[in-house]
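Here is a short note for a colleague opening this model for the first time. Please read the points with the structure in view.

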Amino acid sequence: MNPFKEKQLVFLVVILLIAFSESVNAQITTTFQNNVLVLNNGVIHREIKIGDTGSLTTNSFKLTDEELEFIIPDSDEFAFTVNDKPYNGLSGWKYLSHKKVEDGLKLILEPKSGDFKIGISYLIYPDLPLVRKKIEFTNTGNSEIKVESLDIERLKMLGGGVGTSCWVMNDYGR
């Protein structure tokens with residue numbers, strides 16, 4: 001075998017072994033205990049709490065190996081209107097259930113007043129410092145509902161002013 005090709009092959013095998021060992025080491029954990037959802041993929045750590053008053057808030061969002069928090073605790077978490085009535089994470093929600101989905105967890109909640117329920121899915125991925133969030137609406141009443149002004153991620157970032165730093169994305173939710 002050509003010595004140059006042999007070196008290329010050895011180099012390729014070493015790169016593949018490193019990449020494989022890194023992906024094997026990435027452990028995704030999602031737990032829900034005592035009304036606290038914890039997401040951790042070895043890179044980021046996020047804690048979402050359902051409070052005694054029915055609030056749903058992110059209390060911690062940071063890199064796993066760091067103490068520095070990215071968010072101000074007790075943000076609105078999300079916001080939308082249903083039939084022209086505003087709702088957010090602080091509106092008062094009743095926890096119904098939770099279930100494991102892909103690499104994350106889905107919370108099922110219903111408002112204290114309203115004929116609908118929501119499913120909020122939080123997904124994390126190996127080695128990526130991000131959380132994917134999805135909100136599903138289920139109409140539990142007999143008449144149609146109108147959902148508008150959906151702001152899926154509404155966190156107050158430290159040093160970021162009033163709302164989320166990626167504010168441009170909410171322009172596309174309507």
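1. Confidence first. This is a predicted model, and its confidence is uneven along the chain. Helix α1 (residues 3-25) has the lowest confidence, with a mean pLDDT of 55. Strand β6 (residues 85-88) has the highest, at 96. Residues 164-170 deserve a separate remark: their pLDDT is below 50. That stretch has seven contacts in the model beyond near neighbours in sequence. For the protein as a whole, the mean pLDDT is 82. A pLDDT of 70 or more is reached by 76% of the residues.

2. Overall layout. The protein has one helix and 11 strands. In sequence order, the helix comes ahead of the strands, in the pattern α-β-β-β-β-β-β-β-β-β-β-β. Of the 174 residues, 35% are buried. The protein exposes about 10,800 Å². Carbon and sulfur atoms supply 55% of that area. Among contacts with a separation of 6 or more, 40% are between residues 24 or more positions apart.

3. The β1-β2 hairpin. Strand β1 (residues 29-33) runs antiparallel to strand β2 (residues 36-40), and five bridges join them. Two residues lie between the strands of this hairpin. One to check in the turn is N34, which has a positive phi of about 50 degrees. Q33 of the hairpin stands opposite V36 in β2.

4. The two faces of β1. In a regular strand, side chains alternate between the two faces of the sheet. Strand β1 shows this alternation. T30 and F32 point to one face and are buried. T29, T31 and Q33 point to the other face and are not buried.

5. H45. Is this residue buried or exposed? H45 counts as buried because its relative accessible area is 15%, under the 20% cut-off. Its place is in strand β3 (residues 44-50). The side chains of H45 and N40 are joined by a polar contact of 3.3 Å. Leaving aside residues up to four places away in sequence, H45 touches V38, L39, N40, S60, F61, K62 and T64.

6. Aromatic rings. A pair of aromatic rings is described by the distance of the centres and the angle of the planes. There are 12 aromatic pairs in the count. F80 and Y87 make a stacked pair, 5.7 Å centre to centre with 25 degrees between the planes. Both of these residues are buried. Y87 also pairs with F116, here edge-to-face, at 5.2 Å centre to centre and 85 degrees between the planes. This second pair links distant parts of the chain: Y87 is in strand β6 and F116 is in strand β9 (residues 116-124), 29 residues apart. F116 is buried, as is Y87. Which residues make up the cluster linked by ring pairs? They are F78, F80, Y87, W93, F116 and F137.

7. R154. This residue is in strand β11 (residues 147-154). R154 has a relative accessible area of 33%, so it is classed as partly exposed; that class lies between the 20% and 50% cut-offs. The side chains of R154 and D76 are joined by a polar contact of 3.1 Å. R154 and A79 are 75 residues apart along the chain, and their C-alpha atoms are separated by 7.0 Å.

Methods
Residues are numbered from 1 along each chain as its sequence is written. This is a predicted model: local features need pLDDT of at least 70, side-chain atom pairs count only at pLDDT 80 or more; totals for chains, interfaces and linings use all residues. Side-chain values use heavy atoms; hydrogens and water are left out. pLDDT is the predictor's confidence in each residue, from 0 to 100. Helices (H or I, at least four residues) and strands (E, at least two) are DSSP runs, numbered from the N terminus. Contact means heavy atoms within 4.5 Å. Buried means under 20% relative accessible area, exposed over 50%, partly exposed in between (1.4 Å probe, protein chains only). Two strands pair if DSSP finds at least two bridges between them. Accessible areas come from the Shrake-Rupley method with a 1.4 Å probe; for residues, only the protein chains shown count as cover. A polar contact is a pair of N or O atoms within 3.5 Å; within protein, one must be able to donate a hydrogen and the other to accept it, and residues adjacent in sequence count only if both atoms are side-chain atoms. Rings of Phe, Tyr and Trp (its six-membered ring) pair if their centres lie within 6.5 Å; planes under 30 degrees apart count as stacked, over 60 as edge-to-face and the rest as tilted.
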